[in-house]
Amino acid sequence: MSCSAKSQTLQSWIAAQQASVIDWQRHLTAIPALGPENGGTGELAKARYLEGVLESLGSVDIVRVDAQDARVPDGIRPNIVARIEGTSSRRLWLLGHMDVVPPGEAQAWKTDPWTLQVDGDRLIGRGVEDNQQAIVSMLLVAKALRATGVTPDLGLGMLFVSDEECGSRYGMEYVIRERPDLFGPDDLIVVPDMGVEDSSIIEVAEKGSVWVKVTVAGRQCHASTPEEGRNALVAAADMILHVKDVQARFAATDPLFDSPSTFVPTRHEENVPNINTLPGKDVFYVDCRILPCYTCQQVLDAFAEAFGEIARRHGVDVTVEAYRTQPPAPVTPVDSPVVRRLSAAVSRVLGVTPRHLGIGGMTVAAVFREQGFNAVGWATLGGTMHQPNEESRISRAIGDARVFAEMLFEA
């Protein structure tokens, strides 16, 4: 059987798997895989379910690379590596993350976020798009290989990792540090964790990120005698209003990115618990996404200088520190094998000619790039991740799986 015929066999089989998509999504959605930072117990229950699915396919090599984490009941954050051999030693790696974010405001949901809702082609529930659609697409390819008996040119490697939503310390960063031997220099790596509705974007670069923590220290006193204190909240508010001025110092553009560096005030910690006390301490955070031409230290230095001047005007002290940093990773060249092969597969299967772009969000593709691997991000997504009433499409999971199946064969 020719490569073209093998690919078509897989794609035809995948195209008829609507019931499998619904079944897997239903089970995955019912398992709230929240990390401890988000008040959850981790991903172990979801990992055990996925191991059961993989074992049911037969002849899949399954390895666990678990990270120790005393904050969760079982003490581990699971990471699953599953492999199906091809005729070549090269492998196509696909990655999905098991953890999800909390639902947020309950009243914003029309239905229970942990119970899958099926409305024609639409699937609604927490995690269905981020990142269960990727997980389901990966499983479809694996199930198709085993159901049809087709042996691909490239082997299929699947990674189901923990902790993506909170930094990947216990997920992909741990896996690549502990098991670098899993990945070969000629392997292709696709992370289906970013994309647009028309499938037209292949992500080849990501901005770096700096989560800046700002602590303002004044002097607490009774609110009726403000002259006896130094209001840390007022000083912090003044600093927040000047974040845009710091951002203006980082105005460079890059043709790979649709936007320049962005600086956004986000989280604010509670200060005093009562209304009639002037706060002596205030803490807030700024999420900064920076183009590759800048460094994380440049951002921290700029905030320290600007906020130091504001602090002096208010008679308070300020500390600027990095809560988390992720320097910009190397760019995956647009002429690299993974980009060329994925572009061709998207064009042949979906009839779309994709373009290459850098993004402001963070995916685990950056973890691979930092280790010298040319990884890309691609999927067909509607952009509802982290929102109430998050939704996916059965047809998108099937279409993405067909593209991945096409990539397994030499042109």
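Reader: Hi! How many residues of strand S4 are buried?
Author: Five of the five residues of S4 (residues 80–84) are buried, so the strand is largely enclosed by the rest of the structure. Buried means under 20% relative accessible area, exposed over 50%, and partly exposed in between, using a 1.4 Å probe and protein chains only. Strands (E, at least two residues) and helices (H or I, at least four) are DSSP runs, numbered from the N terminus.

Reader: Before we go on, what kind of model is this?
Author: This is a predicted model, where local features need pLDDT of at least 70 and side-chain atom pairs count only at pLDDT 80 or more, while totals for chains, interfaces and linings use all residues. Residues are numbered from 1 along each chain as its sequence is written, and side-chain values use heavy atoms, with hydrogens and water left out.

Reader: Okay, back to S4. Which residues sit on its two faces?
Author: Ile80, Ala82 and Ile84 are on one side, and Val81 and Arg83 are on the other. Both faces are covered.

Reader: And which strands pair with S4?
Author: Strand S1 (residues 61–64) pairs with S4 in the antiparallel sense over four bridges, and Arg64 stands opposite Ile80. S4 also pairs with strand S8 (residues 155–161), again antiparallel, over five bridges. There, Ala82 stands opposite Met158. Pairing here means that DSSP finds at least two bridges between two strands.

Reader: Cool. What about the sheet with S6, S7 and S19, what is the pairing there?
Author: That is an open sheet of three strands in the order S6-S7-S19, and the pairing is antiparallel. Strand S6 (117–119) and strand S19 (391–393) stand at the edges with a single partner strand each, so one side of each is left without a neighbour in the sheet. The twist averages 25 degrees from one strand to the next. Such angles run from 0 to 180 degrees between N-to-C directions, with axes being lines fitted to C-alpha atoms, for helices over the stretch in contact.

Reader: How many bridges join S7 to S19?
Author: Three bridges join S7 (residues 122–124) to S19. One bridge has Ile124 with Glu391 of S19 as its partner.

Reader: Which helix packs on that sheet?
Author: Helix H2 (residues 18–29) packs on the sheet and touches S6, S7 and S19, with its direction at about 10 degrees to that of S7. Helix H11 (residues 394–407) lies across S7 and S19, running at about 55 degrees to S19. Contact means heavy atoms within 4.5 Å.

Reader: Switching topic: what is the span of helix H8?
Author: H8 (residues 296–314) has 19 residues and reaches 27 Å from its first C-alpha to its last, close to the expected 27 Å. The expected span is 1.5 Å times one less than the number of residues. Its buried residues include Phe303, Phe307 and Ile310. Among the elements covering the buried residues of H8 are strand S11 (208–217), helix H6 (232–241) and strand S16 (317–326). Gly315 follows H8 and has a positive phi, near 70 degrees.

Reader: Which residue other than glycine has a positive phi?
Author: Asn389 does, with phi near 60 degrees, and its place is in the loop between strand S18 (375–377) and S19. Ser59 also has a positive phi, of about 55 degrees, although it is not a glycine. Ser59 is found in the loop between helix H3 (44–57) and S1, and counts as exposed at 64% relative accessibility. Most residues other than glycine have a negative phi, and most peptide bonds are trans.

Reader: Where is the cis peptide bond, then?
Author: The cis bond runs from Asp130 to Asn131, with omega near 20 degrees. Asn131 lies in the loop between S7 and helix H4 (132–148).

Reader: And Ser200, is that buried or exposed?
Author: Ser200 counts as buried, at 13% relative accessibility. It is found in the loop between strand S9 (188–191) and strand S10 (201–206). The side chain of Ser200 makes a polar contact with the side chain of Asp198, at 2.6 Å. A polar contact is a pair of N or O atoms within 3.5 Å; within protein, one must be able to donate a hydrogen and the other to accept it, and residues adjacent in sequence count only if both atoms are side-chain atoms. Leaving out residues up to four places away in sequence, Ser200 touches Val352, Pro354 and Arg355.

Reader: Last one: how many helices and strands does the protein have?
Author: The protein has eleven helices and 19 strands, and 55% of its 411 residues count as buried.
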